Amino acid sequence: MIKPLSIDGTWLFQPQLFDDARGTFAAWYQRDVFQEATGRSMPLGQANLSTSRRGAIRGIHFADVPPGQAKYITCASGAVRDVVVDLRVGSPTFGRWEMVDLDDQSRQALFLAEGIGHAVQGLTEEATIVYMCSAGYVAERERAIHPLDPDLGIDWIPGVEPILSAKDTVAPTVAEAQEAGLLPVYQP
């Protein structure tokens, strides 16, 4: 099953799971299925693996557009709350966010196009995500938005103190980033 989310350029993929006495198999990414659903390709510029503790928030991150960095994410172990934020100035859904829980049971995957902000929060004591990026990491083009920006009002895990990196702690709000000209422009 493939379902577009409410933010243009984001899709949720639910792979078919095959269970037997050995365990479970799922093809979490299939190029032809992906291209048919999204109308685009997913070049592989870099593949990442990240582990997070319960409550740890990574993001909201994005890369300068162009070239930007599209991402295709799944959770290999545990569970995470994955959040996409439309940071593209001029987009009809600018400033809107959508949340999807990814885990090692459903094996769902999430795709986000260039210019969409991305963040994850660990839901289990330890969670591991793996994700493919359309372009490699270039420090000078990487940007962040403060994940606790009150204007966004993201529903992180209630009652759990968020754990942030030093970079995310000092990241600007959406309004500050827009005023500084750091946000991408919507390209329909």
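Which elements each supply at least two residues of the lining of the largest pocket? They are β5 (46-53), β6, β11, β12 and α2 (166-169), and the sections below place most of these elements in the fold before returning to the pocket itself.

The model is predicted, so local features need a pLDDT of at least 70 and side-chain atom pairs count only at pLDDT 80 or more, while totals for chains, interfaces and linings use all residues. Residues are numbered from 1 along each chain as its sequence is written, and side-chain values use heavy atoms, with hydrogens and water left out.

## The two sheets

Helices (H or I, at least four residues) and strands (E, at least two) are DSSP runs, numbered from the N terminus, and two strands are said to pair if DSSP finds at least two bridges between them. Strands of a sheet pair through backbone hydrogen bonds, either parallel or antiparallel.

One open sheet has six strands in the order β1-β2-β10-β7-β12-β5, with antiparallel pairing. Its edge strands are β1 (2-4) and β5, each of which pairs on one side only. Neighbouring strands of this sheet are turned by 20 degrees against each other on average, direction ignored; here axes are lines fitted to C-alpha atoms, for helices over the stretch in contact, and angles run from 0 to 180 degrees between N-to-C directions. Helix α1 (residues 31-38) lies across β1, β2 (10-13), β7 and β10 (109-112), running at about 140 degrees to β2, where contact means heavy atoms within 4.5 Å.

Within this sheet, β12 is joined to β5 by eight bridges and to strand β7 (residues 71-77) by six bridges, with an antiparallel run in each case. Among the bridge partners, T51 is matched with T128 of β12, Q46 with C133 of β12, and T74 with V130 of β12. Strand β12 is mostly covered, since seven of its eight residues are buried, a word that means under 20% relative accessible area, whereas exposed means over 50% and partly exposed lies in between (1.4 Å probe, protein chains only).

The other open sheet is formed by five strands in the order β9-β8-β11-β6-β13, and its pairing is antiparallel. Because β9 (97-103) and β13 (142-144) stand at the edges with a single partner strand each, one side of each is left without a neighbour in the sheet. The twist averages 25 degrees from one strand to the next. Strand β8 (residues 79-86) pairs with β9 in the antiparallel sense over seven bridges, and A79 stands opposite D103 in β9.

## A buried serine after β12

S134 is placed in the loop between β12 (126-133) and β13, and it counts as buried because its relative accessibility is 16%. Although S134 and P43 are 91 residues apart in sequence, they are 5.0 Å apart in space, C-alpha to C-alpha. Leaving aside residues up to four places away in sequence, S134 touches M42, P43, G45, G68, Q69, A70 and E114.

## Pocket and cavities

Rolling a probe the size of a water molecule over the atoms shows where empty space is left. On a 1 Å grid over the protein atoms alone, a cavity is a set of points where a 1.4 Å probe fits but cannot get out, and a pocket is an open set with protein on both sides within 12 Å along at least five of seven lines; lining residues have an atom within 4 Å of a point. Grid points are joined across faces, edges and corners, and a volume is the space filled by probe spheres set on the points.

The structure holds two cavities of 30 Å³ or more. In the table, Ala, Val, Leu, Ile, Met, Phe, Trp, Tyr, Cys and Pro count as nonpolar, Asp, Glu, Lys and Arg as charged, and the others, Gly among them, as polar.

| Space | Volume | Lining by class |
|---|---|---|
| Largest pocket | about 470 Å³ | nine nonpolar, nine polar, seven charged |
| Largest cavity | about 50 Å³ | four nonpolar, four polar, one charged |
| Second largest cavity | about 40 Å³ | three nonpolar, three polar, two charged |

The largest pocket is lined by 25 residues, of which S50, R58, H61, Y131 and D168 lie nearest its centre, and the largest share of its lining, six residues, comes from β5.

The largest cavity is lined by H61, F62, A63, Q69, K71, L112, G115, I116 and H118. The elements that give two or more residues to this lining are β6 (57-63) and β11 (116-122), and β6 gives the most, with three residues. The second largest cavity is lined by A63, G68, Q69, A135, G136, V138, R141 and E142.
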